[in-house]
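These are my notes from a session with one structure, taken down in the order in which I looked things up.

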Amino acid sequence: MRLNSPQINLIVKACMKASKSLIRDFGEIENLQVSSKGPGDFVSSADKRTEKIIINELQKAHPDYGFVTEEAGIINKSNEKNKWIIDPIDGTSNFLNGLPQFAISIGYEEEKEIKCGVIFDPIKNEMFLAEKGNGAYLNNSRIRVSNKKKLKDSFLVTGGPKHSSKIKEKIFSEYVDVSKTVHFPIRKFGSAALDIAYVACGRFDGCWHRELSYWDYAAGSIILREAGGFFDFFDEDKSLSSKKNVIATNSMIHRELQDLVIKKDIE
Ligand code: 2AM
Ligand code: CA
């Protein structure tokens, strides 16, 4: 493999270390599901525990780097130049329900640009990695997006709406609209990071997600671009604060999918 920046090596190391406790925690879920308390609190502590291991590992190498993380928030805010973007468990609801479709997602940002990223599914032992200019990989194999040309033949995935969303109706009707256009029923797999990684390796031809946070898509954006895909935002809404609507495709179906999801806002 030709990915060899110090940052990607650090991310891989942190992922491997954190995944050991994450796999152990996932093994506990089954027991907790039958207990009266349920696994809710346990999952939130697994989230924090995993993130702590990752932060400690990355901080050892660069105590001055900034962090944007799902659990601990922002660390070293004054460092605007070098930042780690971390989601310790993307696909928390899957994790909570004992469903093995979740991942650790870590991106590295330098001078406001994502330079490399890793999405690691510890249960399937699938690591998606990319570094700017050096391609994208799944474990040791180079990956590329699919070459599907028409939206109607495409295999798509999306997510949401989240419980807290104020645009649930829009998200539902968008799902219906796109569903009417495509042959295969649209998937909702529950981990936005893995959805984007799966577009990067050609399992899906495209995906779109509204109201994502930076840590949901930071690593995915570089993995997809390096795999030849098109990663973009749509319907940017300043009132959503830091949340973004994300569209990620093999690039060939991009225009068609974008036209369908954006249209909803103009009506
Ligand atoms: P999470 O598992 O890290 O929360 C589910 O469709 C996807 O949306 C997951 O990647 C999930 O990330 C993300 N997501 C972000 N905010 C969410 C929220 N408030 N509720 C559910 N999923 C959320
Ligand atoms: Ca997430």
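I began with the pairing of β12 and β13 (residues 244-249) in this predicted model, and found that the two strands run antiparallel and are joined by four bridges. Within this pair I noted that phenylalanine 231 stands opposite alanine 248 in β13.

I then traced the rest of the sheet, which is open, has five strands in the order β10-β9-β11-β13-β12, and shows mixed pairing. I marked β10 (187-188) and β12 (230-233) as the edges, since each has a single partner strand, so one side of each is left without a neighbour in the sheet.

Next I looked for the helices that pack on this sheet. Helix α5 (residues 192-200) touches β9 (156-158), β11 (206-212), β12 and β13, and I recorded an angle of about 155° between the direction of α5 and that of β11. Helix α6 (residues 214-226) also packs on the sheet, where it touches β11, β12 and β13, and its direction makes about 145° with that of β12.

From α6 I went on to the metal site. Which protein donors does the calcium ion (ligand 2) have? I listed Asp87 (OD), Asp90 (OD) and Asp216 (OD), which lie 2.0 to 2.2 Å from the ion, and I wrote their spacing along the chain as D-x2-D-x125-D. Aspartate 87 belongs to strand β3 (residues 82-90) and aspartate 216 to helix α6, so that this pair, 129 residues apart, links distant parts of the chain. Are aspartate 87 and aspartate 216 buried or exposed? I found both aspartate 87 and aspartate 216 to be buried.

I closed with the backbone, keeping in mind that most residues other than glycine have a negative phi, and that most peptide bonds are trans.

- Glycine 160 and proline 161 are joined by a cis peptide bond, with omega at about -5°, and I placed proline 161 in the loop between β9 and α4 (168-181).
- Asparagine 76, in the loop between β2 (73-75) and β3, has a positive phi near 55°; I entered asparagine 76 as partly exposed because its relative accessibility is 30%, a value that falls between the cut-offs of 20% and 50%.
- Glutamate 111, in the loop between β4 (103-110) and β5 (113-121), likewise has a positive phi, near 50°; I entered glutamate 111 as exposed because its relative accessibility is 52%, where exposed means over 50%.

Note on methods:
Residues numbered from 1 in each chain as written. Chains lettered and ligands numbered in written order. Predicted model: local features only at pLDDT ≥ 70, side-chain atom pairs only at ≥ 80, totals over all residues. Heavy atoms only, no water. Pairing = 2+ DSSP bridges. Contact = heavy atoms within 4.5 Å. Axes fitted to C-alpha atoms, helices over the stretch in contact; angles between N-to-C directions. Donors = N, O, S within 2.8 Å, 3.2 Å for Na, K, Ca; no water. Buried < 20%, exposed > 50% of the residue type's maximum accessible area, 1.4 Å probe, protein only.
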